[in-house]
Amino acid sequence: MTDLHGRFRNIIAPVIEFAYKTEIVEGKGSWVTDTHGKRYLDFACGIATSNMGHRPDSVLAAAQAQLNKLWHAGGAFLYEPIVTAAEKIVEITPDGIDKVLFMNSGAEAVEASVKLARKVSGRQGIITFRGGFHGRTMGSVTYTTSKAKYRQGYHPLLPSTFVTPFPHPFGWGMTQEEANDYALRELEFKFEFEVTPEEIAAFLVEPMQGEGGYYPASHAFIHELRSIADTHGILLIVDEVQTGFGRTGDWFTSQVYDLRPDILVMGKAIANGLPLSAVGASAEVFDAWPSGSHGTTFGGNPVSCAASAANVDAIREILPGVQHLSDHAFSRWNEIKEEHHIVGDVRGLGLMIGIELVTEGNEPDTEAFTSIGGYAHEAGMFILRCGPSGNVIRFIPPLNVSQDDLDTGIDILHDAIRAYEAR
Ligand SMILES: Cc1ncc(COP(=O)(O)O)c(C=O)c1O
């Protein structure tokens with residue numbers, strides 16, 4: 001145990017845990033370096049946040065320039081970066097998103113989106129989807145059902161929240177169509193037995209579940225939700241905190257699915273790691289929210305906004321290449337799946353790929369991730385897990401990773417899989 005780790009243990013609330021104990025002192029691009037000078041490929045990306053890798057030049061320069069001018073406003077006066085960042089975000093968001101509200105974290109933006117939906121609809125009910133992750137604050141954890149542990153001991157949570165299944169074809173042993181049908185039938189039952197659609201302000205949904213196991217919603221399911229929402233005057237809140245800013249091959253997964261969200265929630269990669277989140281909606285929806293009925297001290301921080309504007313420009317340059325890297329990664333992972341039984345499923349969109357590890361009996365293999373993650377770490381790579389059993393590799397390299405580094409990452413994980421099978 002390093003001295004720093006001992007100090008960390010003594011002074012930081014133990015509720016906070018890091019996936020790896022390694023002390024990192026520097027990061028650049030796809031790589032980070034520890035105190036001994038060992039380099040690691042960082043395919044954790046701060047949980048799909050440093051989409052442009054560590055310290056991309058133009059984002060760094062924009063943040064530094066802003067630091068030298070003004071770094072906090074706190075709602076007292078106007079500053080240019082908040083407007084420029086919002087204009088850039090509106091340019092890249094799906095049609096119908098005209099205005100932006102900046103917050104600090106994904107959870108805070110989720111809660112703001114729910115407050116907005118309740119206020120403008122005059123309804124209270126929120127329908128969320130099992131396996132979803134929307135944050136850990138008291139309100140947002142109400143909507144988080146990716147693991148019971150995240151909710152345990154915190155009840156009562158917010159009332160008038162209804163949870164319905166999200167299609168998990170692999171986990172349920174179904175085709176995508178069967179899983180969609182099952183999930184939609186359960187939603188119908190919600191309306192028949194538990195709550196009328198007229199009482200529902202919003203559906204809150206990830207277009208691809210992140211923490212819940214990297215399950216894409218599918219075009220058919222998400223469009224059916226859109227249509228049910230339209231029929232009953234329900235707002236569709238699409239949580240793209242993890243899937244946004246190029247991660248799934250377009251700016252947002254909503255565009256991959258040609259989906260029109262009423263409210264779009266953004267965070268994580270919005271400023272490539274500087275704290276910032278946002279809610280987007282139409283002018284009509286936002287203008288119905290009375291001035292002063294929501295607010296923030298730090299949200300829309302000048303440095304984060306300057307970084308975000310530069311980050312959007314930087315992603316624009318590399319976005320056309322993401323699909324090529326994605327096709328390459330999928331084809332390699334599908335080959336590995338053919339070779340190894342423990343790779344039960346390879347799924348996802350763009351460079352958000354879930355590799356589900358299973359036992360001989362096709363049960364979730366949690367130990368496999370522990371072993372593979374440990375092997376990868378020894379070999380010089382950071383990787384994270386997801387899914388309720390922690391048996392899904394989150395394969396989320398930076399979007400500007402070189403093809404060589406992408407292959408190095410896949411090679412390390414392939415070796416780790418071989419080593420686990422040979423144990
Ligand atoms: C889809 C989604 N929504 C919301 C959040 C919460 O974001 P934060 O941790 O910034 O509060 C996360 C975090 O992982 C997320 O993946």
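Q: In which loop is F245 found?
A: This is a predicted model, in which local features need pLDDT of at least 70, side-chain atom pairs count only at pLDDT 80 or more, and totals for chains, interfaces and linings use all residues. Residues are numbered from 1 along each chain as its sequence is written. Helices (DSSP runs of H or I, at least four residues) and strands (runs of E, at least two) are numbered from the N terminus. F245 sits in the loop between β10 (235-239) and α10 (253-256).

Q: What is the phi of F245?
A: Most residues other than glycine have a negative phi. F245 is not glycine, yet its phi is positive, near 55 degrees.

Q: Is F245 buried or exposed?
A: We count other C-beta atoms, placed from the backbone, within 10 Å of a residue's own: 20 or more means buried, 12 or fewer exposed, and in between partly exposed. F245 has 29 such neighbours within 10 Å, so F245 is buried.

Q: How far apart are the end C-alpha atoms of α4?
A: The expected span of a helix is 1.5 Å times one less than its number of residues. For the 13 residues of α4 (residues 80-92), that gives 18 Å. The model agrees with this, as the end C-alpha atoms are 19 Å apart.

Q: Which residues are exposed on the other side of α4 from its buried ones?
A: P81, I82, A85, A86 and I89 of α4 are buried. They cover an arc (taken from the directions from the helix axis to the C-beta atoms) of only 130 degrees, so they lie on the same side of α4. Exposed on the other side are E87 and E91.
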